[in-house]
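Dear colleague,

I am passing on the structure we spoke about, with some notes on what was found in it. Please read them beside the coordinates.

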Amino acid sequence: MTAAETQIGENTPWQAQPLAKMKIKGLGAKSREKLAKAGVLTFGDLLALLPRDYFDYSRILPIPQAPLEKQVHIRGRVISRELSITKNKRIPVLEILVDDGHGTLRVVWFNQTHIHDRIIKNQTLSLFGKIRYERNGRTMNSPNFEVVAAHANPETGEPQIEPVYREIGGLRSAQINGWVQAAIQQIPREETLPAKVMNHFLFPSHAEAISRIHNPENSVQLDQILKRQDPAWRRLVFEEFFHFHCQRIQAKQQVPSRHYPRLQPHDRERDAFLAKLPFQLTGDQRRVIDQMTAWLRGGKKLNSLIQGDVGCGKTVVGLAMGWFFKLAGWQTVLLCPTVVLADQHYQKAAQLLATLGVRCALLTGKRSRTEIREVLEGLGGGQIDLVIGTHRLLAEDVVFAKLGLVLIDEQQRFGVAQRASLLQKGREPHYLAFSATPIPRSLAMTLFGEVDVLQIRQRPAFQKPVRTALKRAANRDEVVAFARKRLDAGESVFWVFPLIEGEAEDEERSANAMWQRFRENEFAGVSVGLVHGRLDKDRVDTEMTAFKEGRHRVLLATTVIEVGVDVPKATVMVIEGADYFGLSQLHQLRGRVGRGGRQAFCFLMVDGVPDKDQLQRLRFLEKHDDGFEIAEYDLERRGAGEFFGKRQSGVSDFQFGDPWRDRDLMQAARQAALAFLQ
Ligand code: ADP
Ligand code: MG
């Protein structure tokens with residue numbers, strides 16, 4: 001499901017009208033091109049550009065009362081103005097002091113030379129931004145501002161609320177606002193939800209709802225909108241979910257599935273597999289295998305998602321299934337997001353399955369031409385039972401003799417299209433995906449529809465919980481000293497950063513800068529590796545492998561480090577700027593240490609003074625170790641959009657709704673869609 005598909009009322013033609021066909025004052029070809037680049041192509045797209053914020057001119061806070069970390073509006077006179085350049089990166093900084101008669105506040109802008117001329121001493125400014133506690137005290141960083149003139153509505157003299165839009169390719173908020181306002185005037189009055197629904201929920205009309213989101217009438221309404229409680233907001237969420245469910249229900253009705261492989265795995269076969277394992281399965285692993293075997297015996301098609309914390313042993317469950325399929329004469333494919341992971345799985349599978357007579361192969365772009373040709377021939381000729389590989393598997397030249405089972409590891413790393421292209425390589429293969437993002441079952445059901453969600457909560461007994469502690473960045477020395485001790489004991493250290501490269505003030509949160517520093521100072525004499533998303537894939541693979549094999553002892557990384565990579569010697573995980581991450585993400589990160597049975601440690605580094613909420617969130621991690629519990633706690637606080645990160649397909653692509661936060665509407669919309677389609 002892409003954003004375009006879930007747009008409100010996408011069946012109604014007026015919303016699909018290209019912008020070029022609309023008469024919108026001041027919106028010329030050049031601007032349309034810029035909008036198009038950002039995916040804003042139609043009338044509907046334009047209206048769905050939500051304000052990222054609102055300037056509420058009616059609510060100005062006295063400086064001393066303005067809370068930290070919240071978007072606030074203050075107004076004051078510029079009493080000093082100073083231009084300087086940062087020492088390290090030579091970035092221009094404009095720093096002013098404003099006085100509103102109640103107190104003063106420091107305000108800074110980094111690298112925004114275009115505003116320097118607009119700010120003059122003694123002028124009165126309206127400033128919108130967040131105040132944080134920094135080294136030099138309370139500071140507002142790069143706020144939006146306006147030189148105070150008439151903000152009042154010229155007609156009524158009333159204060160106004162102004163929507164603020166994200167800049168798109170150099171198009172400013174004010175321009176976008178003008179176009180959106182013009183578009184609002186042109187929304188047809190016809191209703192886009194069934195009359196029954198409208199009567200039941202007493203929603204405002206579509207046009208009214210859209211208009212109100214862009215133009216809240218007063219502060220009370222604005223509050224309700226920001227809290228996602230305003231009926232206008234709830235209507236748009238409902239509508240989006242309603243269409244989502246309608247599509248899904250219709251799609252499901254269209255594909256009767258009949259041609260998938262039938263097999264009758266026998267207990268004897270399972271026991272033969274278990275006998276070869278170097279360890280005992282946990283109860284959960286066994287339960288999941290038995291569940292799937294029972295489904296197969298009952299003639300059901302596997303369409304499952306197996307969720308479990310990092311290290312709970314999901315792979316072996318997939319291999320067991322591959323074994324059953326091989327016995328029934330079917331091929332299995334296992335798709336992995338990276339070469340390192342594919343390698344790792346291949347080593348394990350080959351070791352385990354070879355003695356059972358399962359013929360395994362590895363297919364990645366890294367292999368030689370001859371090797372690749374051999375694998376391709378083996379797949380086409382049916383001599384290979386299980387192939388493990390990367391994106392290379394999706395290429396057209398990969399053809400299977402008899403593909404029966406598709407396994408996808410770390411499924412959140414793949415898009416819908418990639419999954420589909422792999423499934424197409426068989427007539428109607430069974431499907432099994434793995435994920436270390438634990439999603440509460442109720443949410444998973446709504447998101448993944450007919451997919452059966454299976455959970456592994458238990459962990460292999462040898463894994464001890466990772467000891468976790470919060471640390472102030474100011475006390476990094478202690479953590480370094482601790483890490484050095486572990487290095488002396490022959491163990492390895494992960495050090496994770498939220499940024500690749502940062503502005504001067506973010507230096508300690510950026511992987512690149514700290515890599516330079518660590519190699520010269522903190523970890524002089526130790527081999528320190530670096531991986532981040534801007535390095536090419538090959539480089540990331542080499543660095544990861546060097547760390548895995550112990551040639552690098554410390555690895556600095558952004559979150560690109562593969563979820564599944566097994567580095568048994570790694571026992572320390574340090575996460576800088578921990579407050580930048582979601583709890584589940586932190587939990588997954590720390591799951592990368594302690595996979596070798598030794599006691600592992602995780603340090604969550606926080607800068608400055610985190611607010612109470614943030615502290616409480618992070619402390620939860622110190623005390624809890626169950627990924628599902630952590631996920632629920634985090635979802636409750638941040639909603640699904642934030643939880644999954646904006647990039648993840650299929651989960652947070654809703655414009656208005658959040659499948660977790662708005663789960664009541666999700667349910668209601670599903671009921672309404674079912675009733676409507678009957
Ligand atoms: P994940 O769920 O993170 O994908 P893996 O499947 O990679 O976990 O398993 C992690 C490690 O634990 C592997 O080395 C695997 O061989 C091992 N393992 C899996 N199940 C068990 C078990 N029941 N007992 C002991 N070790 C296990
Ligand atoms: Mg895994």
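Which domains does the domain assignment of the chain give? This is a predicted model, in which local features need pLDDT of at least 70 and side-chain atom pairs count only at pLDDT 80 or more, while totals for chains, interfaces and linings use all residues. Residues are numbered from 1 along each chain as its sequence is written, chains are lettered from A and ligands numbered from 1 in the order in which they are written, and side-chain values use heavy atoms, with hydrogens and water left out.

The assignment gives domain 1 (3–53 + 164–252), domain 2 (58–158), domain 3 (267–456) and domain 4 (467–644), with bounds that come from an automatic or database domain assignment. The centres of domain 1 and domain 3, taken over C-alpha atoms, are 41 Å apart.

Ligand 1 is surrounded by 17 residues, counted when one of their heavy atoms lies within 4 Å of it, and the closest are Gln280, Gly311, Lys314, Thr315 and Lys348. Among the polar contacts (pairs of N or O atoms within 3.5 Å), an oxygen atom of ligand 1 lies 2.6 Å from a side-chain N or O atom of Thr315, another pair joins a ligand oxygen and a side-chain N or O atom of Lys348 at 2.7 Å, and a backbone N or O atom of Gly313 is 3.1 Å from an oxygen atom of ligand 1.

With kind regards

Definitions and conventions:
Polar contact = N/O pair within 3.5 Å; in protein donor to acceptor, adjacent residues only side chain to side chain.
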